[in-house]
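Trainee: Could you pick one spot in this model and take me through it closely? After that, I'd like to see how the rest fits around it.

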Amino acid sequence: MADVLLEVEALTKRFGGVTASDAISFAVPTGELHAIIGPNGAGKTTLIGQLTGEIAPDGGRIVFDRRDITMLPVYRRSQLGLARSFQITSLFADLTARDNAALAVQAHAGHSFRFWRDARSEPALRRPAQAALERLGLAARADMLVADLSHGERRQLEIAMALVTEPRLLLLDEPMAGMGPDESSRLVETLRRLKGGLTIILIEHDLDAVFALADRISVLVYGRIIATGDAAAIKSDPAVRQAYLGEQAYLGEQERAAQGTPHG
Amino acid sequence: MTRPPDPRRGGAFGLRQTVNTGLLVVLALVPVYAALTGDSFAMTLFTRVIILALAALSLNLIMGFGGMVSFGHAVYLGIGGYAVGILAKEGIGSGFVQWPAAIAVSALYALIVGALSLRTRGVYFIMITLAFAQMAYYVAIGLDRYGGDDGLTIYRRSSFGGLIDLNNKTLFYYLCLALLLAVMYFVWRLVNSRFGLVIRGARSNERRMRAIGFPTFRYKLVCFVIAGAICGLAGALLANHTDFISPAMMHWTRSGDLIVMAVLGGMQAIFGPLIGAMTFLLLDEALSRVTEFPDLILGPMLLFVAIYLNGGLDGLIGGGRRG
């Protein structure tokens, strides 16, 4: 068993009478792609908020690389190597794609109290940015303003910005959101290439993508993790079927399809 | 020195550069014109343009590039002015003491106000900066020893030990112009440096900035302090220009004027505040000769700029879209 990179212990968050995170515990070993799925309102957003530091938990611990990060602010976690992408594209619309990526490099290249030298002429910032853009097929769009990129390109840039800092843990918040089937399958291919070299937590509604990519899957329902296991175990778990009542038919269909043409 | 590549700016020497260069030539020739025609009022007016352009430039740094809409920026004109006035009254006439004091006290004020206000955003930030500026305004009114409400006449301009005589209006004019140009160059370097990109990123999307690992608060605070320090210098110049200080220098309507200048000129441009200050003050001057209510014309004009010209007057001459 590989080293555990991220360990979440009894994480709890209440909003008034609603327990959005109910003693959530799970561990992600180095190199794993761990998917978290769950119906709407299951508490996925609250969980991400706590992992990234935007929401303070009421109880429990988050340990990242044997270090308790439960109380660290957002930017410190990022500096430790926990990068994220946003569900709703969150970029610098008035800067170019290259500037966006270069800013992410700069965030991890020492302090930025440098007032004189032209940052856009620093190879130390531009080169890694260029490499990340190339990796996600955005090289030709590097000098365009983000406002002028297509939705799919912005989603790719989201991931490029998370990747450019060479994170130890990549947290992808519904990366397929709002994508057409073509764009989705291209992104699945990109993620498949990244997988293995990187530890990834994938939060995603698109179950096709999840079953195609995830090493292990945790199912979140009403703030609790009701099952964790590989794709086959999750598909056949009665509690999961119960929770996904509306999508039960879909899970069954997936299973039949999987038996017909097994996933790689 | 080479210009950093900016894909949005297009041509090598376009309309914007032509206008900006023309502007500088005009400013450089004002004393010549005044000497030839004996029009000393032009000197007074343009010295004021330059000093308020410096103030608007500092506001533009935090507001235009940093997205921090301070509604109390004239307070630094007051602080800088009072630093000069109070020291002069107490017998310390050296500019080498007065001006650094004006800058340092302004920076300190910015540090305190910034530390308290920059945790808020939007309308709350506007209200806190306004509230602090009003406090400073009433403190100045309470300074009986220094004229209280009536203000204080400065009998001797800052002295620089024979280096430069500020009583010479032409020399003072060129000193103000040189300082404005130096600070414009500094701000231009600043907004294109690593620091500047952090500030602009925080304006564009602060949440994302934190997510990629920037502690944005401390960068915004330092930017706020730099802007305050620059405007404190403008205050020291203004006190020397008018030979007079009063609480009215930091009245909230003056802060409003500075915002108007910055918006009018174009907030994403280094020359914007200069264009804005010049347009605002010259129009105000021209209109008050023909009407008692210049605001009746200035107001709708500003409305037009705010609604139709996203990049202010600079956007008119620059073409192309800018943030």
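Mentor: Let's start with a cut-off: a residue counts as buried if 20 or more other C-beta atoms lie within 10 Å of its own. Keep in mind that this is a predicted model. The spot I'd pick is B:G95, which counts as buried because it has 20 C-beta neighbours inside 10 Å. B:G95 sits in helix α4 of chain B, which covers residues 95-117. Leaving out anything up to four places away in sequence, B:G95 touches B:S158, B:S159 and B:F160. Take B:S159: 64 residues separate it from B:G95 in sequence, yet their C-alpha atoms are 5.1 Å apart in space.

Now zoom out to chain B. Of the contacts there between residues at least 6 apart in sequence, 76% join residues at least 24 apart. Chain B has 12 helices and two strands, and reading along the sequence you get α-α-α-α-α-β-α-α-α-β-α-α-α-α. Its 323 residues include 49% that count as buried. For overall dimensions, the C-alpha atoms of chain B fill a box of roughly 50 × 45 × 45 Å along the principal axes. A compact globule of 323 residues would have a radius of gyration near 20 Å, and the 19 Å of chain B agrees with that.

Next, the place where the chains meet. On the chain B side, 25 residues are in contact with 31 residues of chain A. The elements of chain B that give two or more residues to this side are α6 (169-192), α7 (194-211) and α8 (216-242). Of these, α7(B) has the largest share, with 11 residues. If you sort this side of chain B by class, you find 13 nonpolar, seven polar and five charged residues.

Over to chain A. Its secondary structure comes to 10 helices and 10 strands. Of its 264 residues, 43% count as buried. The C-alpha atoms of chain A fill a box of roughly 60 × 40 × 35 Å along the principal axes, and the radius of gyration is 19 Å, which agrees with the value near 18 Å for a compact globule of 264 residues. Among contacts in chain A with a separation of 6 or more, 65% involve residues 24 or more positions apart.

Chain A is divided into domains: domain 1 takes in 1-81 + 167-264, and domain 2 is 93-165. The C-alpha centres of domain 1 and domain 2 of chain A lie 27 Å apart. Where these domains touch, domain 1 of chain A puts in 10 residues and domain 2 of chain A nine. On the domain 1 side, α2 (74-80) and α6 (181-194) of chain A are the elements giving two or more residues. The most comes from α6(A), with three residues. By class, this side of domain 1 of chain A has five nonpolar residues, four polar and one charged.

Then there's the packing. The largest nonpolar core has 173 residues, and those with the most contacts inside it are A:A101, A:A160 and B:A53. Domain 1 and domain 2 of chain A both give residues to this core, so it lies between them. Look closer at A:A160: beyond four places in sequence, it touches A:A101, A:A132, A:L133, A:R135, A:L136 and A:L138.

Last, a helix and a sheet in chain A. Helix α1 of chain A runs over residues 44-52, and its buried residues are A:K44, A:T46, A:L47, A:I48, A:Q50 and A:L51. Right after α1(A) comes A:G53, with a positive phi near 105°. As for the sheet, four strands of chain A form an open one in the order β2-β1-β4-β5, with antiparallel pairing. Its edge strands are β2 (18-29) and β5 (67-68) of chain A, each of which pairs on one side only. Strand β1 of chain A (residues 4-15) pairs with β2(A) in the antiparallel sense over eight bridges. One bridge to find on screen joins A:R14 to its partner A:T19 in β2(A).

Key. Residues numbered from 1 in each chain as written. Chains lettered and ligands numbered in written order. Predicted model: local features only at pLDDT ≥ 70, side-chain atom pairs only at ≥ 80, totals over all residues. Domains from an automatic or database assignment. Contact = placed C-beta atoms within 7 Å. Nonpolar A, V, L, I, M, F, W, Y, C, P; charged D, E, K, R; others polar. Buried ≥ 20, exposed ≤ 12 C-beta atoms within 10 Å, placed from the backbone. Core = buried A, V, L, I, M, F, W, Y, C linked by C-beta atoms within 7 Å. Rg over C-alpha atoms; globule rule 2.2 N^0.38 Å. Pairing = 2+ DSSP bridges.
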